[in-house]
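Good morning, colleagues. Please turn to the model on the screen, and I shall take you through its charged pairs and its nonpolar packing.

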Amino acid sequence: MKKQTAGRDNLGEFAPKFAEINDYVLFGQVWSRESQLSLKQRSMITISSLIAAGNFEQLKSHLQMGKENGITKDEISEIITHLSFYVGWPKAWSAFNVARKIF
């Protein structure tokens, strides 16, 4: 996995500790545990969690990362369709609007 700098780039001056934890702990230590879960699996889980919680601001970057990690257009469509029955139709609709711009 490539080194993550989003925390530092976006919040480094405003919230340096949060940025450090984002880049070095979350993406450095947690996401790097590929022998437990692949990057593709982690992306699927993260994308599903973001949709379920309605966190669409972060969804765009995670969909892009998921695409880079091997998630296909057909897979993301199936994931969102499946989620629609568990997290709500409006959240799925919003997620599709974000996903179709990425895929």
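Asp23 is buried, its relative accessible area being 3%. Please keep in mind that this is a predicted model. The partner of Asp23 is Arg8, and the two form a salt bridge in which the closest N and O atoms lie 4.0 Å apart. Arg8 belongs to helix 1, residues 6-11, while Asp23 belongs to helix 2, residues 16-30, so this pair ties together parts that are 15 residues apart in sequence. Is Arg8 buried or partly exposed? At 37% relative accessibility, Arg8 counts as partly exposed, whereas Asp23, as I said, is buried.

How many salt bridges does the structure hold? The count is 3, and I turn now to the others.

Within helix 2, the side chains of Lys17 and Glu20 meet in a salt bridge, with an N to O distance of 3.4 Å. Lys17 and Glu20 are 3 residues apart in helix 2, so about one helical turn separates them. Glu20 is partly exposed, at a relative accessible area of 37%.

Lys40 and Glu75 also form a salt bridge, and here the closest N and O atoms are 2.9 Å apart. This pair links distant parts of the chain: Lys40 sits in helix 3, residues 39-53, and Glu75 in helix 5, residues 73-87, with the two positions 35 residues apart in sequence numbering. As for accessibility, Lys40 is partly exposed, with a relative accessible area of 26%. Glu75 is likewise partly exposed, with a value of 26%.

Let me move from charged pairs to nonpolar packing. The largest nonpolar core has 15 residues. Which of them touch the most other members? They are Ile47, Ile51, Leu59, Leu63, Ile76 and Ile80. At least two residues of this core come from each of helix 3, helix 4 (56-68), helix 5 and helix 6 (89-102). Helix 6 provides the largest share, 5 residues.

Leu63 offers a view of the packing around one core member. If we leave aside its neighbours within four places in sequence, Leu63 is in contact with Ile47, Ile76, Val98, Ala99, Ile102 and Phe103. Two of these partners, Ile47 and Ile76, are also named among the core residues that touch the most other members.

To close, I return to helix 3 and helix 5: the pair Lys40 and Glu75 links them, and each supplies at least two residues to the largest nonpolar core. Thank you for your attention.

Definitions and conventions
Residues numbered from 1 in each chain as written. Predicted model: local features only at pLDDT ≥ 70, side-chain atom pairs only at ≥ 80, totals over all residues. Heavy atoms only, no water. Helix = DSSP H or I, 4+ residues; strand = E, 2+ residues; numbered from the N terminus. Buried < 20%, exposed > 50% of the residue type's maximum accessible area, 1.4 Å probe, protein only. Core = buried A, V, L, I, M, F, W, Y, C linked by side-chain atoms within 4.5 Å. Contact = heavy atoms within 4.5 Å.
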